[in-house]
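Good morning, colleagues. Please take a moment with the sequence and the model before I begin.

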Amino acid sequence: MDNKKRPGIKSIETKHFEERDALFRALKSLDRRSFLKVSAAAFGAVAGQGLVPPHSFQPVSIARADMPKGGKSESFRFAYISDSHLYDRKINDRFVNSLLRAVDDVNGMDPQPDFVFYGGDLAQLGQPAELELGAQILKNVKAPLHVMVGEHDWYFDLGEKWKSLFGQPMYSFDHKGVHFVVLLSVVEKDFWTARGLTPMQRMRTVAGLDNGQQSSFTVGPEGRQWLENDLKTKSPDTPIVVFSHSPLYKLYKPWNFWTDDAEEVQAILRRFRQVVVFHGHTHQMLTNRIGNIHFHGFLSTAWPWPYAPQGLPELTVQMARPDPFDPQDGCGDGSADVHPDGLVDLVQNLWNRNPVTISRTYLASYGKADKPQVPTLKSY
Ligand SMILES: [Fe+2]
Ligand SMILES: [Fe+2]
């Protein structure tokens, strides 16, 4: 039945598409008021479980209670958002809503984080429209923003669009005595030229992760040289934080949860007393320690991956298997308190569940102290 003939009666589909159009129209406007309106509408439906306060980045007791007596207390906090996998707006708005929720989370932190870090895979298939949409949403982040590349952002045009929006993919910065390094760690050997693949075929092959045609991720010789140069003047006592989209260790090759030259990168980082690596890509709570290097995986805003069938690091506290009927369960964002000694307390802000804190003492003691409180809700 044509709705024009029956004014006032709209089908569910018509209402859905009207709401969707309104959402995307509002997104075009970058002013704060319309952003708040659309983001509130985007996640208004999920607050009903009575578990998680609206902005769950409150100090968590374990993160603060064990400060060394007489030690400097000047820690600082940054927040993260990662792996939003935005499709073109005409195809999928669910992931748009999730990114809006994350942006609203970090904007709601009080006090505000010193900066917000975006962990890569902003786009799903590296399309210019996907990256532009992501950049447009991320402009609403109130704190200073740093952005990293993921493979889904890169392999359609080999970074052309991403660079025009966000700059160089490898860079570093210093903040309150800590040296931060951002890597391009999804470099693959050319598997496309010999096969005569189009840019879209190349992108889809990389996005497949487990189709066996792509190469493994690397930082690559150029990237490792860049890293060595960047760290050359730093003393071994400088706390180092590395952001890498791929995990920087070898977890599970068939899914490309893997960095092929991980040992060589770790060797460059070995002379430092304390190094923390944060990575995206794996879409799950993942914790590891190799010598002086602590590793933390970021949650995704789009979907949680299952855990790899083998190779899971011993220190990982597994999140519960998400509810398949709740599209945001198992997703989330987070924040990290960086302490003067370079050790980090990480709050994994699992949406629709209680946040989980992975304390620095848990990792420093190789899991003997302060085992994180695991989510108490059932798995599905
Ligand atoms: Fe991802
Ligand atoms: Fe990824």
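Let me start with a question: against which element do the buried residues of α8 pack? They pack against α6, residues 151–154. Please note throughout that this is a predicted model. Helix α8 spans residues 199–208, and its buried residues are Arg 202, Met 203, Thr 205, Val 206 and Ala 207. Just after this helix, Leu 209 adopts a positive phi of about 60°.

Allow me to step back to the chain as a whole. The protein chain holds eleven helices and twelve strands. It has 380 residues, of which 56% are buried. Among contacts with a separation of 6 or more, 72% are between residues 24 or more positions apart.

I turn now to the metal site. Which residues coordinate the iron ion that is ligand 1? They are Asp 83 and Asp 121, each through OD, and His 85 and His 283, each through NE2, at 2.0 to 2.3 Å. The angles subtended by these four donor atoms run from 87 to 173°, and the arrangement is therefore irregular. For a tetrahedral site, all angles would have to lie between 85 and 135 degrees. Along the sequence, the donor residues follow the spacing D-x1-H-x35-D-x161-H. Asp 121 lies in the loop between β2 (115–118) and α5 (128–138), while His 283 lies in the loop between β7 (275–279) and β8 (287–290), so this pair ties together parts that are 162 residues apart in sequence. Both Asp 121 and His 283 are buried. A second iron ion, ligand 2, is 3.5 Å from ligand 1, and Asp 121 coordinates both.

Strand β7, which precedes the loop of His 283, deserves attention in its own right. Why can it be called largely enclosed by the rest of the structure? Because five of its five residues are buried. Val 275, Val 277 and His 279 point one way from the strand, whereas Val 276 and Phe 278 point the other way. Such alternation between the two faces of the sheet is what one finds in a regular strand. Strand β7 pairs with β6, residues 240–244, in the parallel sense over five bridges. One of the bridge pairs joins Ile 240 to Val 275.

These two strands also lead us to the nonpolar core. The largest such core has 94 residues, and Phe 243 and Phe 278 touch the most other members. Helix α4, residues 94–107, gives the most to this core, with seven residues. Leaving aside residues up to four places away in sequence, Phe 243 touches a set that includes Phe 78, Phe 117, Met 148, Phe 180 and Phe 298, as well as Phe 278 itself. In soluble globular proteins, nonpolar side chains tend to be buried together.

Finally, I come to the open sheet of six strands. Its order is β3-β2-β1-β10-β11-β12, with mixed pairing. At the edges stand β3 (145–147) and β12 (356–358), each with a single partner strand, so one side of each is left without a neighbour in the sheet. From one strand to the next, the twist averages 20°. Within this sheet, β10 (residues 332–338) and β11 (residues 344–350) pair in the antiparallel sense over seven bridges, and Val 338 has Val 344 as its bridge partner. Helix α4 packs on the sheet, touching β1 (76–81), β2, β10 and β11. The direction of α4 makes about 170° with that of β1.

How values were computed:
Residues are numbered from 1 along each chain as its sequence is written. Chains are lettered from A and ligands numbered from 1 in the order in which they are written. This is a predicted model: local features need pLDDT of at least 70, side-chain atom pairs count only at pLDDT 80 or more; totals for chains, interfaces and linings use all residues. Side-chain values use heavy atoms; hydrogens and water are left out. Donors are N, O and S atoms within 2.8 Å of the metal (3.2 Å for Na, K and Ca); water is not among the atoms, so sites may look incomplete. Four donors count as tetrahedral if all angles lie between 85 and 135 degrees; four count as square planar and six as octahedral if opposite donors are over 155 degrees apart and all others between 65 and 115; anything else is irregular. Helices (H or I, at least four residues) and strands (E, at least two) are DSSP runs, numbered from the N terminus. Buried means under 20% relative accessible area, exposed over 50%, partly exposed in between (1.4 Å probe, protein chains only). A nonpolar core is a set of buried Ala, Val, Leu, Ile, Met, Phe, Trp, Tyr and Cys residues joined through side-chain atoms within 4.5 Å. Contact means heavy atoms within 4.5 Å. Two strands pair if DSSP finds at least two bridges between them. Axes are lines fitted to C-alpha atoms, for helices over the stretch in contact, and angles run from 0 to 180 degrees between N-to-C directions.
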